[in-house]
Amino acid sequence: NLNKNDIKEVLRIRKRIEVEEGMESDKTIDIKNGAGGIIDVQFIVQVLMLKNKIVYKYGNTFDNLVYLSKKNLLSKQDFKIL
């Protein structure tokens, strides 16, 4: 089960990726590793799956988003946003 320290560690790792691998500047955005990028969606999905003790079922993030939504572990609104 995920606790506060686990979540803090996930956030630390995510921030490190953004800082070390993100290629953002005043003129460019990094849609993968930058703030609000694709990797944030991947982290959210992985945390929700871990939190709910779901074995990784599918090969991609979108299919896991659909699965989480169908199981009511992700609201329809959050699904659309992600």
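This briefing walks through the fold, the core, the salt bridges and a few surface details of the structure above. The model is a predicted one. Its chain has 82 residues and contains four helices and zero strands. If you are new to it, start with the overall layout and then follow the helices inward to the core.

**Overall layout**

- Going along the sequence, you meet the pattern α-α-α-α.
- Measured out along the principal axes, the C-alpha atoms fill a box of roughly 40 × 30 × 25 Å.
- Of the residues in the chain, 27% count as buried.
- The accessible surface adds up to about 6300 Å², and carbon and sulfur atoms account for 55% of that area.
- Some contacts reach far along the sequence: among those between residues at least 6 apart, 25% join residues at least 24 apart.

**The nonpolar core**

- The largest nonpolar core has nine residues: Val41, Val45, Leu48, Met49, Ile54, Leu65, Tyr67, Leu68 and Leu74.
- Two helices, α2 (38-51) and α3 (61-70), each supply at least two residues of this core.
- The largest share comes from α2, which gives four residues.
- Leucine 68 is a good residue to click on here, since it belongs to this core.
- Setting aside neighbours within four places in sequence, leucine 68 is in contact with Val45, Leu48, Met49, Ile54, Leu73 and Leu74.

**Helix α3 and what follows it**

- The buried residues of α3 are Asn64, Leu65, Tyr67, Leu68 and Ser69.
- Their cover includes α2 and α4 (76-81).
- Where α3 starts, a side-chain oxygen of asparagine 60 comes to within 3.1 Å of the backbone nitrogen of phenylalanine 62.
- After α3 comes asparagine 72, which has a positive phi, near 60 degrees.
- Lysine 71 sits in the loop between α3 and α4.
- With 48% relative accessibility, lysine 71 counts as partly exposed, because the partly exposed class runs from 20% to 50%.
- For a sense of distance, lysine 71 and glycine 22 are 49 residues apart in sequence, and their C-alpha atoms are 33 Å apart in space.

**Salt bridges**

- The count of salt bridges comes to five.
- Arg14, Lys15, Glu18 and Asp40 are linked in a network of such bridges.
- Within this network, arginine 14 pairs with glutamate 18, with the closest N and O atoms 4.0 Å apart.
- These two residues are four apart in helix α1, so about one helical turn separates them.
- Glutamate 18 also meets lysine 15 in a salt bridge, at 3.7 Å from N to O.
- Here the spacing is three residues in helix α1, again about one helical turn.
- Both spacings fit a general feature of helices: an α-helix has 3.6 residues a turn, so residues three or four places apart point the same way.
- Arginine 14 has another partner in aspartate 40, and the closest N and O atoms of this pair are 2.3 Å apart.
- Because aspartate 40 lies in helix α2 and arginine 14 in helix α1, this pair ties together parts that are 26 residues apart in sequence.

**How covered the network residues are**

- Arginine 14 counts as buried, at 6% relative accessibility.
- Aspartate 40 has a relative accessibility of 19%, so it also counts as buried, the cut-off being under 20%.
- Glutamate 18 is partly exposed, with a relative accessible area of 21%.
- Lysine 15 is partly exposed too, with a value of 45%.

**A nonpolar patch on the surface**

- Ile29, Ile31 and Ile38 form a nonpolar patch on the surface, and together they have about 340 Å² of accessible area.
- One of them, isoleucine 31, lies in the loop between α1 (4-21) and α2.
- Isoleucine 31 has a relative accessible area of 59%, so it is exposed, the cut-off for that class being over 50%.

Key:
Residues are numbered from 1 along each chain as its sequence is written. This is a predicted model: local features need pLDDT of at least 70, side-chain atom pairs count only at pLDDT 80 or more; totals for chains, interfaces and linings use all residues. Side-chain values use heavy atoms; hydrogens and water are left out. A nonpolar core is a set of buried Ala, Val, Leu, Ile, Met, Phe, Trp, Tyr and Cys residues joined through side-chain atoms within 4.5 Å. Buried means under 20% relative accessible area, exposed over 50%, partly exposed in between (1.4 Å probe, protein chains only). Contact means heavy atoms within 4.5 Å. Patches are made of residues with over 30% relative accessible area and no salt bridge: like charges are joined within 9 Å, nonpolar side chains (Val, Leu, Ile, Met, Phe, Trp, Tyr) within 5 Å. Accessible areas come from the Shrake-Rupley method with a 1.4 Å probe; for residues, only the protein chains shown count as cover. A salt bridge is a side-chain nitrogen of Lys or Arg within 4 Å of a carboxyl oxygen of Asp or Glu. A polar contact is a pair of N or O atoms within 3.5 Å; within protein, one must be able to donate a hydrogen and the other to accept it, and residues adjacent in sequence count only if both atoms are side-chain atoms.
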